[in-house]
Amino acid sequence: MELIIQESGKPARRVEAVAGLSFGRASSNSCVLDDDSASSRHAQLVLLDGRLQLQDLGSSNGTRVVGGDKLGRDAVWPLRAGVSFQIGRTLITVAVSELEEGTLVPAGKEAATAVRAPVDAPTIMPRAAAVVPPPGEDATMRPAPAPAPVVQAAPAPVQPSPVQPAPQKPAQQKPAQQKPITVDQFEGTLYVGNAAKDPAALQALLAALRPRLVCTVKKTGRVELIEQVPAVIGRAKTDAAGIALEDEGVSSRHAQLGFDGATFYIEDLGGRNGTYVGATRLTANGGKSELKCDQHVRFGSVDALFVREARTGEALAPALHYAGALEQLQAESLVPKERLREARAKLDSGAHPGEHLILTGAVTVEQWCTALEQARLHGVLQRGTSQRRSPLVWILAAALVVALGALGYLLSQ
């Protein structure tokens, strides 16, 4: 059994699933994860009742079973082919290894039964019977009769046991390599009206887009991955698809995040302190709004940043301004230099720099969204100035040509 580990922005790697294998950010782990959403020691494989199981080690964000529950401290989940676990932004999938249990005999080698001849039992020679001489005879002058010859039966010939050929190893089928999910193959095929046409395709699309809320609850940054839709957001988890934000300002059933195969949206469910998208409060009990990448959402007193991956061939508009947003934060001295260096390294590797800054507490969701908007406006102004300058350059060049022509004419007179 093997594990396919897919970290954000990195190629997948395969490791053998063995008891004691540990996962986390710390270098002491068997599998070190370059993932800010993972804890230092996040989870490990344990052997219980003869089966390998994944155990959460009390991680901050928990360990999620894709399509299942979120594991709490010390909770376990059995490993079986096809099951996927979410550790932060890292996806771990259980796959069948090339050697199955019970096929450990190498192909091409034949077992033979060694035939050994039985060891002959020792031959016991009977001793000569004592001869008693008749009275008056000298016993010393009478030879003892020769012992009767012992006839030994010839041992039966040993028939060698026929050599049984070793059972042939059944041809093993190499597990198919998992291909990356192509988002566009699911476009337009997910829904008929409001009913999911293919729930499996919808689940695959969610896994590819990886929609998530990057939020701060009680001064602790964390990522809430949207694995199923609709997902009810509240103070406590109501079902497998629910998201719990343990804050007094959040209602029990505060809002609902949905997806129709093309658009993500947020809907207010009557949260006492309201649901906001940007600065706009949604209408209570039914007010909806589309959610776009890097949009600021507020549930009562909890701020969150909605983030997702790009579709196939899509260029997310906010991603074009990530570098500019980091420059804005640097210009305003809002973020320590070390954190900015880390965020730029994340950007270079294809990860979300704002997500890193929020999770590490370097900025708030509002500060990141403000810096991103300033970078967008700055880019618009720069493009506008460039476009205005272009005709002016041509006018000046034309005026210069006319002036030089006039000067030449005057000099020739």
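## A first walk through the structure

Visitor: What volume does the second largest pocket have?
Guide: Bear in mind that this is a predicted model. The lining of this pocket takes in 20 residues. As for the space itself, the second largest pocket has a volume of about 490 Å³.

Visitor: Which residues lie nearest the centre of the second largest pocket?
Guide: Of the 20 residues in its lining, five are named as lying nearest the centre. They are Lys292, Cys293, Asp294, Gln295 and Pro318.

Visitor: Which element gives the largest share of the lining of the second largest pocket?
Guide: Two elements give two or more residues to this lining, namely β22 and α5 (365-412). The largest share is 4 residues, and the element behind that share is α5.

Visitor: How many residues of each class are in the lining of the second largest pocket?
Guide: The lining has 20 residues to sort. By class, the nonpolar, polar and charged residues number 9, 3 and 8.

Visitor: Where does strand β22 sit in its open sheet of 5 strands?
Guide: The order of the strands is β17-β16-β18-β19-β22, with mixed pairing. Strands β17 (243-244) and β22 (288-291) each pair on one side only. That places β22 at the edge.

Visitor: What is the bridge partner of Phe264 in β22?
Guide: Phe264 belongs to β19, which covers residues 264-268. Strands β19 and β22 run antiparallel and are joined by 4 bridges. Across from Phe264, the partner in β22 is Leu291.

Visitor: At about what angle does helix α1 run to β18?
Guide: Helix α1 (residues 199-209) lies across two strands of the sheet, β18 (255-259) and β19. Its angle to β18 is about 105°.

Visitor: Which element gives the most to the lining of the largest cavity?
Guide: A search of the whole structure turns up 3 cavities of 30 Å³ or more, and the largest one holds about 120 Å³ of space. Its lining includes Gln203, Leu206 and Ala207, along with others such as Val66 and Glu227. The most, 3 residues, comes from α1.

Visitor: Which elements give two or more residues to the lining of the second largest cavity?
Guide: This cavity has a volume of about 80 Å³. Among the residues lining it are Gln86, Ile87, Val223 and Leu225. The elements that give two or more residues are β10 (84-87) and β15 (220-225).

Visitor: How do the residues lining the second largest cavity divide by class?
Guide: The lining includes Ser37, Asn61, Gly62 and Arg64. Its nonpolar, polar and charged residues number 3, 5 and 1.

Visitor: Are α2 and α3 roughly parallel or roughly antiparallel?
Guide: Helix α2 (residues 322-331) packs with helix α3 (residues 337-348), and their axes are 11 Å apart. The angle between them is about 175°, and angles over 145 degrees count as roughly antiparallel. Therefore α2 is, relative to α3, roughly antiparallel.

Visitor: Which residues of α3 make the contact with α2?
Guide: By class, this contact has 6 nonpolar, 1 polar and 2 charged residues. From α2 come Tyr322, Ala323, Leu326, Glu327 and Gln330. From α3 come Leu340, Ala343, Arg344 and Leu347.

Visitor: Which strands are at the edge of the open sheet of 6 strands?
Guide: The strands of this sheet follow the order β15-β14-β24-β23-β20-β21, and the pairing is antiparallel. Each edge strand pairs on one side only. The edge strands are β15 and β21 (280-281).

Visitor: Which residue of β24 does Val297 stand opposite?
Guide: Val297 is in strand β23 and is the bridge partner of Val277 there. On the β24 side, β23 pairs with strand β24 (residues 302-307) in the antiparallel sense over 5 bridges. In β24, Val297 stands opposite Ala304.

Visitor: Which residue takes a positive phi in the hairpin of β23 and β24?
Guide: This hairpin has 2 residues between its strands. A positive phi near 65° is found at Gly300.

Visitor: Which residue in β23 does Tyr276 stand opposite?
Guide: Strand β20 (residues 275-277) and strand β23 (residues 295-299) run antiparallel, joined by 3 bridges. In β23, Tyr276 stands opposite Arg298.

Note on methods:
Residues are numbered from 1 along each chain as its sequence is written. This is a predicted model: local features need pLDDT of at least 70, side-chain atom pairs count only at pLDDT 80 or more; totals for chains, interfaces and linings use all residues. Side-chain values use heavy atoms; hydrogens and water are left out. Two strands pair if DSSP finds at least two bridges between them. Contact means heavy atoms within 4.5 Å. Axes are lines fitted to C-alpha atoms, for helices over the stretch in contact, and angles run from 0 to 180 degrees between N-to-C directions. On a 1 Å grid over the protein atoms alone, a cavity is a set of points where a 1.4 Å probe fits but cannot get out, and a pocket is an open set with protein on both sides within 12 Å along at least five of seven lines; lining residues have an atom within 4 Å of a point. Grid points are joined across faces, edges and corners, and a volume is the space filled by probe spheres set on the points. Ala, Val, Leu, Ile, Met, Phe, Trp, Tyr, Cys and Pro count as nonpolar, Asp, Glu, Lys and Arg as charged, and the others, Gly among them, as polar. Angles under 35 degrees count as roughly parallel, over 145 as roughly antiparallel, 65 to 115 as roughly perpendicular and the rest as oblique.
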